[in-house]
Amino acid sequence: MKTFDELYRELLKKNMSKDEMLPEEYNPYHLDCLLRPGKYAAVLKAEECEQCAYDRACQNSCLFDAIEWTDDGKLEINPALCVGCEACIEACQSGRLTARKDVLPAMKAVREAKGPVYMMVAPAFLGQFSEAVTPGKLRTAFKALGFTGMVEVALFADILTLKEALEFDRHVQSQEDFQLTSCCCPVWIAMIRKIYNELMPHVPGAVSPMIACGRMIKRIYPDALTVFAGPCLAKKQEAREPDIADAVDYVLTFQEIKEIFEVADIHPEELKDDRKEHASKAGRLYARTGGVSQAVSEMVEQLRPDRSIHVRSERADGPKACMEMIRRIKEGKTDANFFEGMGCAGGCVGGPKAILGADEGRAYVDAYGDSARFRTPLENPYVRKILEEMGLSTVEELLEDDGLITRNFSGPE
């Protein structure tokens with residue numbers, strides 16, 4: 001019987017879109033995972049697990065108790081609890097766990113879409129598909145796949161930078177006050193919501209840049225199909241959370257995008273450079289550890305130059321480091337007032353589905369940030385256009401927005 005990866009590549013090559021077009025040898029569970037991934041968690045069983053020989057390392061690695069074992073010794077992954085951090089995949093020495101693949105239904109939806117189709121790329125995208133692939137060439141490649149256009153989510157990181165800076169100005173009024181960020185990392189937010197819920201009052205009510213981007217596209221084009229591409233498996237789970245499931249139709253990883261290009265025989269580096277720049281340096285830096293802190297700190301200084309309490313940031317990346325930082329916050333062993341957590345070492349550039357290593361990815365992100373025409377969101381004319389589209393006449397009105405970029409966190413899940 002074919003393995004999960006073998007089946008996936010065979011179906012991808014056949015461009016399969018109908019259930020009756022089945023290969024001769026397949027595992028029904030695997031086939032259903034590939035055709036209807038939305039039913040399953042971000043992590044799947046590549047092979048059946050019974051009588052684990054590794055002391056259930058996967059279960060022990062899961063911070064969110066999403067891995068359950070039946071009475072007869074079989075593994076089950078609870079889709080309602082799995083965040084998609086991939087810690088279990090790394091812990092499983094037998095290779096019986098794998099990441100969910102959403103390519104088949106996503107590309108079927110792109111082909112059959114009646115309205116516009118937009119690819120939304122995470123800020124970590126530059127360099128992932130080779131040094132020769134500029135943002136403009138990547139945009140042309142997506143158009144060759146059938147997309148109407150490509151939008152850089154970094155533009156909406158600009159918007160969220162403004163909101164977080166305003167939230168800091170409103171809520172951090174004394175030396176004892178503090179703010180937890182960043183909304184862009186679903187693993188970090190899930191840790192706070194599910195493990196350290198008592199700290200939720202310190203988390204601004206904001207959606208991630210991915211969700212803000214998808215919502216804006218659908219506000220302008222109600223019949224649009226939105227697809228997000230990034231280095232993060234957890235984004236697949238984030239897009240399905242009930243209160244924000246209206247924004248993003250499909251989430252693909254950079255590795256999945258690379259596989260699509262290979263099968264479709266599309267070589268982005270050889271295509272026309274359709275150059276468009278919409279994000280500031282601040283939004284582009286969200287892709288690596290420290291980027292959010294830097295962006296918000298500079299924004300607070302620009303918005304409120306006479307403020308007596310400045311941003312004193314501390315950041316952590318990786319679950320263990322994040323938990324250690326939270327311990328120090330709870331014990332009062334830090335002087336910082338702005339805490340940035342990232343679920344992956346290095347930030348988004350260290351995501352499990354990135355193509356480049358974290359250090360190389362960070363170098364590309366920093367260079368891309370330095371090349372931006374605008375340094376901060378306030379200097380970015382495209383930010384002003386989005387605010388106008390939202391019906392806002394001033395930056396301060398972002399604090400009162402209760403739809404596009406605001407999220408109402410409501411207790412433990």
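Tutor: Before we start: a charge sits over a ring if NZ of Lys or CZ of Arg is within 6 Å of the ring centre and within 35 degrees of the ring normal. Also, keep in mind that this is a predicted model.

Student: Okay, so which ring does K45 lie over?

Tutor: That's Y29: K45 lies over its face, 5.4 Å from the ring centre.

Student: And what about R284, which ring is that one over?

Tutor: R284 lies over the face of Y368, at 3.6 Å from the ring centre.

Student: Switching to ring pairs. How many aromatic pairs are there in the whole structure?

Tutor: A search turns up ten. One of them is F125 with Y368, whose ring centres are 5.8 Å apart and whose planes are at 85 degrees, so this pair is edge-to-face.

Student: Where do F125 and Y368 lie?

Tutor: F125 is in the loop between β5 and α6, while Y368 is in helix α15, so the pair ties together parts 243 residues apart in sequence.

Student: Is F125 buried or exposed? And Y368, buried or exposed?

Tutor: F125 is buried, at 3% relative accessible area. Y368 counts as buried too, with 8% relative accessibility.

Student: How are the rings of F129 and F261 arranged?

Tutor: Their centres are 5.9 Å apart and their planes are at 75 degrees, so that pair is edge-to-face. F129 lies in the loop between β5 and α6 and F261 in helix α11, so they tie together parts 132 residues apart in sequence. Both F129 and F261 are buried.

Student: Which residues do ring pairs link into a cluster?

Tutor: F129, F142, F147, F254 and F261.

How values were computed
Residues are numbered from 1 along each chain as its sequence is written. This is a predicted model: local features need pLDDT of at least 70, side-chain atom pairs count only at pLDDT 80 or more; totals for chains, interfaces and linings use all residues. Side-chain values use heavy atoms; hydrogens and water are left out. Rings of Phe, Tyr and Trp (its six-membered ring) pair if their centres lie within 6.5 Å; planes under 30 degrees apart count as stacked, over 60 as edge-to-face and the rest as tilted. Helices (H or I, at least four residues) and strands (E, at least two) are DSSP runs, numbered from the N terminus. Buried means under 20% relative accessible area, exposed over 50%, partly exposed in between (1.4 Å probe, protein chains only).
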